[in-house]
Amino acid sequence: MTATRPFKRVLDRLQGAGLRPTRQRLGLARLLFEGCDRHVTAEQLHGEALSADLRVSLATVYNTLNQFTDAGLLREVVVEAGKSYFDTNTSDHHHFFLENTGRLEDIPGDHLAIRNLPAAPAGTRIARVDVIVRLVEDGE
């Protein structure tokens, strides 16, 4: 009987994206991808890393999140200037953003129809359309 290497799924995911599996990348990837899809800020992930005894700087977390995004493992969702979430669900979908709590929730892509988009300027093409529906709770 052969034992599977710990973190094999995460290791395969990094290697499949063309990323070298450094200790920091593996640790952060485990925190991001070994559960359900989620939305996380760099600061939240940094706190989780420290709680998991993974000693990384906030700059390393930002760099890694950007590398994962560039490799297609994450999707960055900018909710306002200076405030981004990183989404482990890279499928075509949109978001609800609860402004008073900062919570981000998925809207399945097939639950929203986008019509009459203008033609892209010459020499460009539309890569995707991101919709963020901003919510406030009643009484706010």
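**Aromatic contacts, sheet and loops in a predicted model**

Phenylalanine 68 is buried, with a relative accessible area of 0%. The structure described here is a predicted model, and in this model phenylalanine 68 takes part in an aromatic contact that serves as the starting point of the description. A search of the whole structure finds two aromatic pairs. In one of them, phenylalanine 33 and phenylalanine 68 lie with their ring centres 6.0 Å apart and their planes at 35° to each other, an arrangement that counts as tilted. Because phenylalanine 33 belongs to helix H2 (residues 23-33) and phenylalanine 68 to helix H4 (residues 58-70), the pair ties together parts of the chain that are 35 residues apart in sequence. Phenylalanine 33 is likewise buried, since its relative accessible area of 4% falls under the 20% limit used for that class. The ring of phenylalanine 33 has a further neighbour in arginine 13, whose charged end sits over the ring at 4.0 Å from its centre.

The setting of these contacts is a chain with four helices and six strands, which follow one another along the sequence in the pattern α-α-β-α-α-β-β-β-β-β. The C-alpha atoms fill a box of roughly 55 × 45 × 30 Å along the principal axes, and of the 140 residues in the chain, 31% are buried.

Three of the strands form an open sheet, in which the order is S1-S3-S2 and the pairing is antiparallel. Strand S1 (39-40) and strand S2 are the edge strands of this sheet, each of them pairing on one side only. Between S2 (residues 75-80) and S3 (residues 83-87), which run antiparallel, there are five bridges, and within this part of the sheet glutamate 76 stands opposite phenylalanine 86 of S3. The hairpin of S2 and S3 has two residues between the strands, and glycine 82 takes a positive phi near 80° there. On the other side of the sheet order, S1 and S3 are joined by two bridges, again in the antiparallel sense, with histidine 39 having aspartate 87 in S3 as its bridge partner.

Positive phi values also occur in residues that are not glycine, and two such residues lie in loops. As background, most residues other than glycine have a negative phi. Aspartate 53, with a positive phi of about 65°, is placed in the loop between helix H3 (42-51) and H4, and this residue is exposed, with a relative accessible area of 56%. Asparagine 116 has a phi near 60° and lies in the loop between S5 and S6; at 77% relative accessibility, asparagine 116 counts as exposed too, because the limit for that class is over 50%.

The loop between strand S5 (103-108) and strand S6 (132-135) also holds leucine 112, a residue that contributes to the surface in another way. Together with Ile114, Leu117 and Ile126, Leu112 makes a nonpolar surface patch of about 310 Å². At 31% relative accessibility, leucine 112 is classed as partly exposed, a value that nevertheless lets the residue join the patch, because patches are made of residues with over 30% relative accessible area.

Terms used
Residues are numbered from 1 along each chain as its sequence is written. This is a predicted model: local features need pLDDT of at least 70, side-chain atom pairs count only at pLDDT 80 or more; totals for chains, interfaces and linings use all residues. Side-chain values use heavy atoms; hydrogens and water are left out. Rings of Phe, Tyr and Trp (its six-membered ring) pair if their centres lie within 6.5 Å; planes under 30 degrees apart count as stacked, over 60 as edge-to-face and the rest as tilted. Buried means under 20% relative accessible area, exposed over 50%, partly exposed in between (1.4 Å probe, protein chains only). A charge sits over a ring if NZ of Lys or CZ of Arg is within 6 Å of the ring centre and within 35 degrees of the ring normal. Two strands pair if DSSP finds at least two bridges between them. Patches are made of residues with over 30% relative accessible area and no salt bridge: like charges are joined within 9 Å, nonpolar side chains (Val, Leu, Ile, Met, Phe, Trp, Tyr) within 5 Å. Accessible areas come from the Shrake-Rupley method with a 1.4 Å probe; for residues, only the protein chains shown count as cover. A salt bridge is a side-chain nitrogen of Lys or Arg within 4 Å of a carboxyl oxygen of Asp or Glu.
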